[in-house]
There are 2 protein chains.
Amino acid sequence: MYEGAIQDLIDELGRLPGIGPKSAQRLAFHVLQADTADVTRLATALTRVKELVRFCSVCFNVAESERCRICRDPRRTDETICVVEEPKDVVAIEKTGEFRGRYHVLGGAINPLEGVGPDSLRIRELMARLSAGEVKELILATDPNTEGEATATYIALLVKPMGLAVTRLASGLPVGGDLEYADEVTLGRAFEGRRAV
Amino acid sequence: MYEGAIQDLIDELGRLPGIGPKSAQRLAFHVLQADTADVTRLATALTRVKELVRFCSVCFNVAESERCRICRDPRRTDETICVVEEPKDVVAIEKTGEFRGRYHVLGGAINPLEGVGPDSLRIRELMARLSAGEVKELILATDPNTEGEATATYIALLVKPMGLAVTRLASGLPVGGDLEYADEVTLGRAFEGRRAV
């Protein structure tokens with residue numbers, strides 16, 4: 001309905017996930033009224049991501065060199081590997097400051113309905129890292145949902161014979177939450193995992 | 001928390017209106033995994049909008065030449081001008097197919113709380129267009145909210161002495177709506193504006 005360039009921008013923005021036609025229109029008019037410098041910075045950031053960002057050759061986290069910042073850090077221990085689904089999970093765990101080992105990013109979780117089998121994930125690469133024999137503990141930090149649990153169980157079965165400790169993040173009540181509002185499964189897990197005080 | 005380029009993109013996307021940190025991260029990872037051609041097209045569309053799109057010198061709708069498509073159309077009448085707040089209102093009215101006159105885009109509505117007075121809008125330019133004497137009817141199609149009503153009243157007072165018809169879009173029940181769910185003000189307006197059948 002608009003002329004040329006503005007309609008092109010609305011169309012392109014509308015292709016992004018979670019951006020509907022109304023949001024695309026609102027964003028396009030924001031761009032039209034924004035400073036040219038700001039718009040140029042956004043356009044440059046978009047193309048630079050495609051040019052510069054790749055996946056770490058060791059852990060498959062996002063990186064700008066062959067190995068990511070975490071894999072290059074000599075102060076971190078090689079004895080523990082934390083397995084996650086996506087690079088954003090690495091960021092979430094790094095924010096806790098609790099973990100000083102290395103990561104392994106699978107690139108998703110087993111999901112037969114969407115055609116994601118173990119071969120689509122970086123499980124083979126994980127096994128290769130473990131076979132070097134330096135790792136003492138493997139922490140399975142996939143999401144606490146059906147797909148994440150299935151992936152964790154699958155990896156645990158593969159790894160168990162190698163004789164290293166395999167752990168899973170604790171499930172239970174979220175801190176600051178309300179017992180009353182917890183769903184039955186979470187509350188059940190919290191009972192199962194109860195600890196002496 | 002991410003390295004270089006991906007964090008830059010998250011930051012730039014997070015500056016857009018209505019895009020929070022989580023959405024910015026989700027969009028950045030979408031871009032990372034998208035086809036380079038798609039990302040290039042989005043980046044180009046962004047810069048092209050700033051290069052090509054300007055405002056029509058007559059009605060201040062978005063345009064890619066000195067006058068917009070609607071102002072250039074010889075099949076439309078110059079006798080009616082429809083006053084709207086934003087270019088997106090032009091698109092909304094064009095979709096109805098009801099209107100064959102010209103538009104005037106104010107660029108907003110009077111809003112003293114946000115420091116938008118009549119001088120910040122293109123009201124002076126509207127008066128100049130009307131003084132040419134060709135216009136027979138001015139349709140005030142600003143939004144049916146406090147700011148839009150104030151703007152319509154302000155323009156009506158200015159224009160009345162010029163002796164042309166000044167009309168306002170009807171307020172009433174939305175078609176397909178439910179009488180029970182209409183707010184009191186809308187229902188009151190619907191009573192006020194009742195028509196013989």
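This is a short talk on the fold, a few single residues and some salt bridges of one structure.

Good morning. One caution before I start. This is a predicted model. Keep that in mind throughout.

Let's take chain A as a whole. How many helices and strands are there in chain A? There are 8 helices and 6 strands. Now read along the sequence. The order is α-α-α-β-β-α-β-α-β-α-β-α-β-α. So much for the order; next, the dimensions. The C-alpha trace of chain A spans about 65 × 45 × 35 Å along its principal axes. What radius of gyration does chain A have, and what would a compact globule of 197 residues have? Chain A has 22 Å, while the globule would be near 16 Å.

Now the surface and the inside. Chain A exposes about 11,200 Å². Carbon and sulfur atoms supply 53% of that area. Of the 197 residues in chain A, 40% are buried. And the contacts? Take those between residues at least 6 apart in the sequence of chain A. Of these, 48% join residues at least 24 apart.

On to single residues. Find Glu85(A) on your screen. Glu85(A) sits in the loop between β3 (80–84) and α5 (87–96) of chain A. Glu85(A) is buried, yet it has no salt bridge. Which side chain of opposite charge is nearest to Glu85(A), and how far away is it? That is Arg168(A), 6.6 Å away. A salt bridge here needs the two atoms within 4 Å. What does Glu85(A) have around it, then? A polar atom of its side chain lies 2.9 Å from the backbone nitrogen of Asp143(A). Asp143(A) is also among the residues that Glu85(A) touches, leaving out those up to four places away in sequence. The others include Val105(A), Leu106(A), Gly107(A), Gly108(A) and Thr142(A).

Stay with Arg168(A). Arg168(A) does form a salt bridge, with Glu149(A). The closest N and O atoms are 3.4 Å apart. Arg168(A) lies in strand β6 (residues 165–168) and Glu149(A) in helix α7 of chain A, so the pair ties together parts that are 19 residues apart in sequence. Buried or exposed? Neither: Arg168(A) is partly exposed, at 28% relative accessible area. Glu149(A) is partly exposed too, at 21%.

Ala150(A) is in helix α7 as well, which covers residues 146–159. Ala150(A) is partly exposed, with a relative accessible area of 35%. Look across to Asn111(A). Ala150(A) and Asn111(A) are 39 residues apart in sequence but 8.5 Å apart in space, C-alpha to C-alpha.

Next, a backbone point. Most residues other than glycine have a negative phi. Now look at Phe60(A). Its phi is positive, near 70°, and Phe60(A) is not a glycine. Where is Phe60(A)? In the loop between β1 (54–55) and β2 (62–63) of chain A. Phe60(A) counts as buried, at 14% relative accessibility. Turn to chain B. Phe60(B) has a positive phi of about 70°. Phe60(B) is in the loop between β1 (54–55) and β2 (62–63) of chain B. Phe60(B) is buried, at 15%.

Asn61(B) belongs to the loop between β1 and β2 of chain B. Asn61(B) is buried, with 8% relative accessibility. Its contacts, beyond four places in sequence, include Cys56(B), Cys68(B), Ile70(B) and Val105(B).

One residue of chain B takes us back to chain A. Pro17(B) is in the loop between α1 (4–14) and α2 (21–33) of chain B. Pro17(B) is partly exposed, at 28%. Which residues does Pro17(B) touch, leaving out those up to four places away in sequence? They are Arg26(A), Leu27(A) and His30(A).

Last topic: salt bridges. The structure holds 20 over all chains. Take Glu12(B) and Arg15(B). Their side chains meet in a salt bridge, 2.8 Å from N to O. Glu12(B) is buried, at 10%. Arg15(B) is exposed, at 53%.

Here is another. Asp38(B) pairs with Arg41(B), with the closest N and O atoms 2.5 Å apart. The two are 3 residues apart in helix α3 (residues 36–52) of chain B, so about one helical turn separates them. Asp38(B) is partly exposed, at 33%. So is Arg41(B), at 37%. This pair joins a network of salt bridges with Glu12(A) and Arg15(A).

That's my tour. Thank you.

Technical notes:
Residues numbered from 1 in each chain as written. Chains lettered and ligands numbered in written order. Predicted model: local features only at pLDDT ≥ 70, side-chain atom pairs only at ≥ 80, totals over all residues. Heavy atoms only, no water. Helix = DSSP H or I, 4+ residues; strand = E, 2+ residues; numbered from the N terminus. Buried < 20%, exposed > 50% of the residue type's maximum accessible area, 1.4 Å probe, protein only. Lys, Arg positive; Asp, Glu negative; His and termini not counted. Polar contact = N/O pair within 3.5 Å; in protein donor to acceptor, adjacent residues only side chain to side chain. Contact = heavy atoms within 4.5 Å. Rg over C-alpha atoms; globule rule 2.2 N^0.38 Å. Areas by Shrake-Rupley, 256 points an atom, 1.4 Å probe, with all protein chains shown as cover.
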